[in-house]
Amino acid sequence: MKISIAGKGGSGKTTTAGLLARIYARKGYPVIAIDGDSNPSLGMMLGIPHDEMPEVPILSPDLLTEVVDDEGKKERVLTDTVENIVENYGLLAADGVRLLSMKRIDHAGKG
């Protein structure tokens with residue numbers, strides 16, 4: 001099963017995603033939670049202390065590549081298996097949830 005949580009800012013997406021992830025994990029389901037927010041806080045919702053959040057590995061853009069089939073149709077495909085990606089980039093959180101993070105703001109920029 002795949003569940004995606006989307007909506008406008010401040011609508012409770014992170015809270016909803018974190019609660020669902022932990023509930024399903026407590027019921028024994030394998031759960032991979034992916035935080036795609038540039039200001040990731042799903043990890044804290046999953047029980048990872050704030051000071052440990054910088055240790056969450058960021059998914060490499062090299063994990064996707066574009067291939068073109070014989071008819072010219074473009075498609076993005078993984079360059080590694082899901083199992084290897086989770087093993088190399090996932091951080092074990094509360095209740096057995098594995099957290100993957102796509103982005104993180106490391107420092108403020110100009111502008």
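Where does Asp95 lie? Asp95 sits in the loop between strand 4 (91–92) and strand 5 (98–101). The model is a predicted one.

## Overall layout

The chain contains three helices and five strands. Along the sequence their order is α-β-α-β-β-α-β-β. Along the principal axes, the C-alpha atoms fill a box of roughly 45 × 45 × 30 Å.

Of the 111 residues in the chain, 21% are buried. The exposed area is about 8100 Å². Carbon and sulfur atoms supply 52% of that area. Now take contacts between residues at least 6 apart in sequence: 56% of these join residues at least 24 apart.

## Helix 1

Helix 1 covers residues 13–26. It has 14 residues. From its first C-alpha to its last, helix 1 reaches 20 Å. That is close to the 20 Å expected at 1.5 Å a residue.

Gly18, Ala21 and Ala25 are the buried residues to note in helix 1. They cover an arc of only 65° around the axis, so they lie on the same side of helix 1. The cover over the buried residues of helix 1 includes strand 1 (32–35) and helix 2 (42–45). After helix 1 comes Gly28, with a positive phi near 100°.

## The Asp95 loop

Asp95 is not a glycine, yet its phi is positive, at about 65°. How accessible is Asp95, in relative terms? Its relative accessibility is 32%, so Asp95 counts as partly exposed. The cut-offs behind this are under 20% for buried and over 50% for exposed, with partly exposed in between.

## Salt bridges

How many salt bridges does a search of the whole structure find? The search finds two. In one, Arg22 pairs with Asp95, and the closest N and O atoms are 2.6 Å apart. This pair links distant parts of the chain. Arg22 belongs to helix 1, Asp95 to the loop between strand 4 and strand 5, and 73 residues separate them. Arg22 has a relative accessible area of 21%, so it is partly exposed.

Asp95 also forms a salt bridge with Arg26. Here the closest N and O atoms are 3.1 Å apart. Because Arg26 lies in helix 1 and Asp95 in the loop between strand 4 and strand 5, the pair ties together parts that are 69 residues apart in sequence. Arg26 counts as exposed because its relative accessibility is 57%. Through shared partners, the salt bridges join Arg22, Arg26 and Asp95 into one network.

## Aromatic pair

A pair of aromatic rings is described by two quantities: the distance of the centres and the angle of the planes. In this structure the count comes to one aromatic pair. The partners are Tyr24 and Tyr29. Their centres are 5.7 Å apart, and their planes meet at 75°. Planes over 60 degrees apart count as edge-to-face, so the Tyr24 and Tyr29 pair is edge-to-face. Tyr24 has 27% relative accessibility, and therefore counts as partly exposed.

Note on methods: Residues numbered from 1 in each chain as written. Predicted model: local features only at pLDDT ≥ 70, side-chain atom pairs only at ≥ 80, totals over all residues. Heavy atoms only, no water. Phe/Tyr/Trp six-rings, centres within 6.5 Å; stacked < 30°, edge-to-face > 60°. Buried < 20%, exposed > 50% of the residue type's maximum accessible area, 1.4 Å probe, protein only. Helix = DSSP H or I, 4+ residues; strand = E, 2+ residues; numbered from the N terminus. Salt bridge = Lys/Arg side-chain N within 4 Å of Asp/Glu carboxyl O. Expected span 1.5 Å × (residues − 1). Arc of directions from axis to C-beta. Contact = heavy atoms within 4.5 Å. Areas by Shrake-Rupley, 256 points an atom, 1.4 Å probe, with all protein chains shown as cover.
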